[in-house]
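I had a new model to get to know today, so I opened my notebook and started looking things up. These are my entries, in the order I made them.

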Amino acid sequence: MTTADPLMDLIASQLADAEAGWSVGTFGAIAEFTREPGEAFDIEQSRNGISVVTQKGGIRIGSHPDLRLIASESPTTESWSHRIALCLPHEASAMSGRTVLTELGPDIEALLRRDRSGILFDLGLGTLQIDACIRVSDADAIAALRSRTGQSVFASESDAMRIILAANPHRVFVSRIGRAEVFQPIPPPGERSPDGPHTHVLPKLLAHGRSHAATEPLPEGWIPCAHLYPAHPLRDQLGRKRAFRPDHHAAFQTLLELYGLPELTACKRAVVEAVAEGRGPETVTLPSDRTARATVRVALRQLAATEPHTVTLAAWLAAYDRRDPAETEDPMEALD
């Protein structure tokens with residue numbers, strides 16, 4: 001599957017890869033899509049973009065004239081995470097911003113034809129770059145939710161969330177770049193999300209009003225409207241640990257060179273070159289800001305995985321890979 005747009009060609013190839021994961025969301029509300037190798041799926045290209053659907057959920061990613069891909073890495077407790085943000089300028093990224101439960105009518109853009117008669121309700125989370133919705137087909141649940149529109153779903157006098165949890169509707173998160181749909185049930189309070197497509201809505205994080213986690217280095221004015229998580233060298237698409245995969249590591253480093261922030265890729269390159277040449281940390285002057293420190297830590301952890309016996313690596317790790325209390329993990333990533 002190829003297009004006239006190289007960015008969409010990359011997206012199409014990643015959508016076809018079971019090792020890649022996806023999300024549409026914001027800080028505090030996110031819909032995630034993954035599929036297992038061997039799981040049945042349909043992939044389709046249409047005027048609305050490229051979509052993949054399984055029995056558990058699906059995702060559609062569309063083109064946009066202002067689309068910019070921004071690749072980045074962050075240290076985690078044990079290793080590192082990586083992702084590619086599908087970004088738009090702030091103004092172009094804005095969705096409805098509704099703050100109360102709102103009926104939107106039939107979901108004519110549903111990924112599957114069978115779902116296009118279902119009624120969409122915007123949860124009214126008031127977020128910048130997504131409309132977090134549910135799709136309801138049960139007549140009684142539709143009637144009950146219609147009588148609760150115009151109120152915040154988090155208001156103490158509203159029982160909309162009780163109705164939603166009982167109805168177990170499809171969740172539909174929409175941005176200017178695409179949409180993610182989750183067909184799997186909402187887990188009961190206190191239970192973990194199911195493997196595969198699922199959602200998180202966390203009011204305490206939404207209250208911060210952030211478009212993304214502070215640990216993700218994005219330039220001012222660029223808003224992530226979806227995320228791609230290419231195959232990781234140390235974890236599978238469901239976050240399960242595995243032996244280091246050098247092919248996955250090399251593939252993402254190529255993407256990082258293409259779409260990473262130049263100042264961070266230069267910083268990482270300086271560390272890798274110094275270690276390869278046997279020079280100690282005292283021989284290189286590096287930026288001291290938070291994102292640069294995180295970049296150095298990721299570079300060293302990757303070197304520990306790929307070249308663990310390099311002479312000066314231990315000195316570099318001692319100098320730079322000490323956990324910084326200011327560098328917390330992305331709480332959205334830590335959920336899974």
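What follows goes from the ground rules to strands, cores, single residues and empty spaces.

**Ground rules**

I am working with a predicted model, where local features need pLDDT of at least 70, side-chain atom pairs count only at pLDDT 80 or more, and totals for chains, interfaces and linings use all residues. Residues are numbered from 1 along each chain as its sequence is written, and side-chain values use heavy atoms, with hydrogens and water left out.

**Strand E4 and its partners**

I began with strand E4, residues 49-53. My helices (H or I, at least four residues) and strands (E, at least two) are DSSP runs, numbered from the N terminus. Is E4 buried or exposed? Five of its five residues are buried, so E4 is largely enclosed by the rest of the structure. For the record, buried means under 20% relative accessible area, exposed over 50%, and partly exposed in between, with a 1.4 Å probe and protein chains only.

Next I looked up what E4 pairs with; two strands pair if DSSP finds at least two bridges between them. Strand E3 (residues 42-46) runs antiparallel to E4, and five bridges join them. Ile43 has Val52 in E4 as its bridge partner. The two strands E3 and E4 make a hairpin, with two residues between them.

Strand E5 (residues 57-61) also pairs with E4 in the antiparallel sense, over four bridges. Here Ile50 is matched with Ile61 in E5. E4 and E5 form a hairpin too, with three residues between them.

**Strand E9**

Then I moved to strand E9, residues 119-122. Which of its residues are buried on each side? I found Ile119 and Phe121 buried on one side, and Leu120 and Asp122 buried on the other, so to speak a strand with both faces covered.

E9 has strand E8 (residues 102-106) as an antiparallel partner, with four bridges joining them. Gly105 has Leu120 as its bridge partner in E9. Strand E10 (residues 131-136) pairs with E9 in the antiparallel sense as well, over four bridges. In that pairing, Ile119 goes with Val136 of E10.

**Nonpolar cores**

I noted a general point first: in soluble globular proteins, nonpolar side chains tend to be buried together. A nonpolar core here is a set of buried Ala, Val, Leu, Ile, Met, Phe, Trp, Tyr and Cys residues joined through side-chain atoms within 4.5 Å.

The largest core has 50 residues, and Trp22, Leu86 and Leu145 touch the most other members. Helix H1 (residues 6-15) gives this core its largest share, six residues. There is also a second, separate core of 13 residues, with Val271, Ala292, Val296 and Leu313 among them.

I followed up on Leu86, taking contact as heavy atoms within 4.5 Å. Leaving aside neighbours within four places in sequence, Leu86 is in contact with residues including Ile11, Ile61, Leu67, Ile177 and Ile223.

**Two single residues**

Where is Phe183? I found Phe183 in the loop between strand E12 (178-182) and E13. Phe183 counts as buried because its relative accessibility is 11%. Its C-alpha atom is separated by 4.9 Å from that of His170, which is 13 residues apart along the chain. Beyond neighbours within four places in sequence, the contacts of Phe183 include Val53, Leu112, Arg135 and His170.

Asn168 caught my eye next, with a positive phi of about 50° although it is not a glycine. Most residues other than glycine have a negative phi. Asn168 sits in the loop between H4 and E11, and is partly exposed at a relative accessible area of 32%.

**Empty spaces**

Last, I checked for empty space. On a 1 Å grid over the protein atoms alone, a cavity is a set of points where a 1.4 Å probe fits but cannot get out, and a pocket is an open set with protein on both sides within 12 Å along at least five of seven lines; lining residues have an atom within 4 Å of a point. Grid points are joined across faces, edges and corners, and a volume is the space filled by probe spheres set on the points.

How many cavities of 30 Å³ or more are there? I count four. The second largest cavity holds about 110 Å³ of space, and its lining includes Ala71, Pro217, Leu264 and Val298.

The second largest pocket has a volume of about 510 Å³. Its lining has 23 residues, with Leu165, Ile186, Pro187, Thr199 and Val201 nearest its centre. E13 supplies the largest share of that lining, four residues.
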